[in-house]
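Work through the exercises below with the sequence and the model at hand. Each task is followed by a solution in steps.

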Amino acid sequence: VADTSRVPNPGSGFVNITEISGSSFGLRHASSPNEEYYLGVTNIFGYQIDKHFLAGAGFGFMAYDSSNLIPLFLELRYTTCFKRINPWFFYGSGFLIDFKNVADGSQMFINPGVGLSWSFSSKIEGTFGGGLMMQMQPSHRTSFINFKLGLIFRKNSRSR
């Protein structure tokens with residue numbers, strides 16, 4: 001008899017995602033602040049809509065080469081439910097707030113990407129993903145190839 005307790009089959013309900021993210025280099029250099037690298041930690045409070053779709057709101061802390069920014073964002077995720085390892089797609093969008101210079105240092109961002117998740121138990125998954133982080137201000141745009149490494153904690157899960 002196969003052990004299905006570790007096979008992800010998420011039920012609808014609350015989800016908490018904690019991630020470390022970053023990039024070691026920016027894709028465009030125009031001598032503007034915050035375009036060299038960043039490293040951050042974020043937390044997403046989400047809702048698992050069905051076994052494939054998740055939506056959530058997030059916040060965190062990101063240390064850039066020139067300043068520290070606070071991300072406030074929405075994220076959508078689509079995942080497959082194959083076995084213990086699953087591909088997933090994400091799209092995040094929101095604001096990066098620079099509390100030392102709100103008017104000129106804050107910016108909007110979008111971050112689409114892909115990744116893999118693996119199930120540790122029916123309620124905990126590990127994730128690794130990568131994407132394109134695009135940041136926009138009126139005066140300039142900056143892009144990064146970024147990574148995300150995290151854990152998903154689920155309140156509800158169903159057995160297969």
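**Exercise 1. A residue in a strand**

Task: Find which residues Tyr91 is in contact with, leaving aside its neighbours within four places in sequence, and decide whether Tyr91 is buried, partly exposed or exposed.

Solution. The model is a predicted one.

Step 1. Outside its sequence neighbours within four places, Tyr91 is in contact with Leu74, Glu75, Leu76, Ile110, Asn111 and Pro112.

Step 2. Tyr91 itself belongs to strand S5, residues 85-97.

Step 3. Take Leu74 from the contact list: 17 residues separate it from Tyr91 in sequence, and the C-alpha to C-alpha distance is 8.3 Å.

Step 4. The relative accessibility of Tyr91 is 38%, so Tyr91 counts as partly exposed. The class runs between the limits of 20% for buried and 50% for exposed.

**Exercise 2. A residue in a loop**

Task: Locate Ser24, classify its exposure and list its contacts beyond four places in sequence.

Solution.

Step 1. Ser24 sits in the loop that lies between S1 and S2.

Step 2. Its relative accessible area is 65%, and therefore Ser24 is classed as exposed; the cut-off for that class is over 50%.

Step 3. Once neighbours within four places are set aside, Ser24 is in contact with Glu36 and Tyr37.

Step 4. Ser24 and Tyr37 are 13 residues apart along the chain, with 5.0 Å between their C-alpha atoms.

**Exercise 3. The chain as a whole**

Task: State how many helices and strands the protein chain has, and in what pattern they follow one another.

Solution.

Step 1. The count is 1 helix and 8 strands.

Step 2. In sequence order the pattern reads β-β-β-β-β-α-β-β-β.

Step 3. Of the 160 residues in the chain, 45% are buried.

Step 4. Take the contacts between residues at least 6 apart in sequence: 58% of them join residues at least 24 apart.

Step 5. The exposed area of the chain is about 8,400 Å², and 68% of it comes from carbon and sulfur atoms.

**Exercise 4. The nonpolar core**

Task: Identify which residues of the largest nonpolar core touch the most other members, then follow the contacts of Met133.

Solution.

Step 1. In soluble globular proteins, nonpolar side chains tend to be buried together.

Step 2. Here the largest nonpolar core has 14 residues, and Ile17, Tyr38, Met62, Tyr64, Leu96 and Met133 touch the most other members.

Step 3. At least two residues of this core come from each of S1, S2, S3 (53-64), S4 and S8. S3 gives the largest share, 3 residues.

Step 4. Beyond four places in sequence, the contacts of Met133 include Tyr38, Met62 and Tyr64, and also Phe109 and Asn111.

**Exercise 5. The cavities**

Task: Say how many cavities of 30 Å³ or more the structure has, and describe the lining of each.

Solution.

Step 1. The search gives 2 cavities of that size.

Step 2. The largest has a volume of about 110 Å³. Its lining has 14 residues, of which Thr42, Met62, Phe109, Asn111 and Lys148 are the closest to the centre.

Step 3. By type, that lining holds 6 nonpolar, 5 polar and 3 charged residues. S4 supplies the largest share, 3 residues.

Step 4. The second largest cavity has a volume of about 80 Å³. Residues lining this second cavity include His52, Trp88, Glu125 and Arg154.

Step 5. Its lining divides into 3 nonpolar, 4 polar and 3 charged residues, with S4 and S8 each supplying at least two.

Conventions: Residues numbered from 1 in each chain as written. Predicted model: local features only at pLDDT ≥ 70, side-chain atom pairs only at ≥ 80, totals over all residues. Heavy atoms only, no water. 1 Å grid on protein atoms, 1.4 Å probe; cavity = no way out; pocket = protein on both sides within 12 Å on 5 of 7 lines; lining within 4 Å. Points joined across faces, edges and corners; volume = space filled by probe spheres on them. Helix = DSSP H or I, 4+ residues; strand = E, 2+ residues; numbered from the N terminus. Nonpolar A, V, L, I, M, F, W, Y, C, P; charged D, E, K, R; others polar. Core = buried A, V, L, I, M, F, W, Y, C linked by side-chain atoms within 4.5 Å. Buried < 20%, exposed > 50% of the residue type's maximum accessible area, 1.4 Å probe, protein only. Contact = heavy atoms within 4.5 Å. Areas by Shrake-Rupley, 256 points an atom, 1.4 Å probe, with all protein chains shown as cover.
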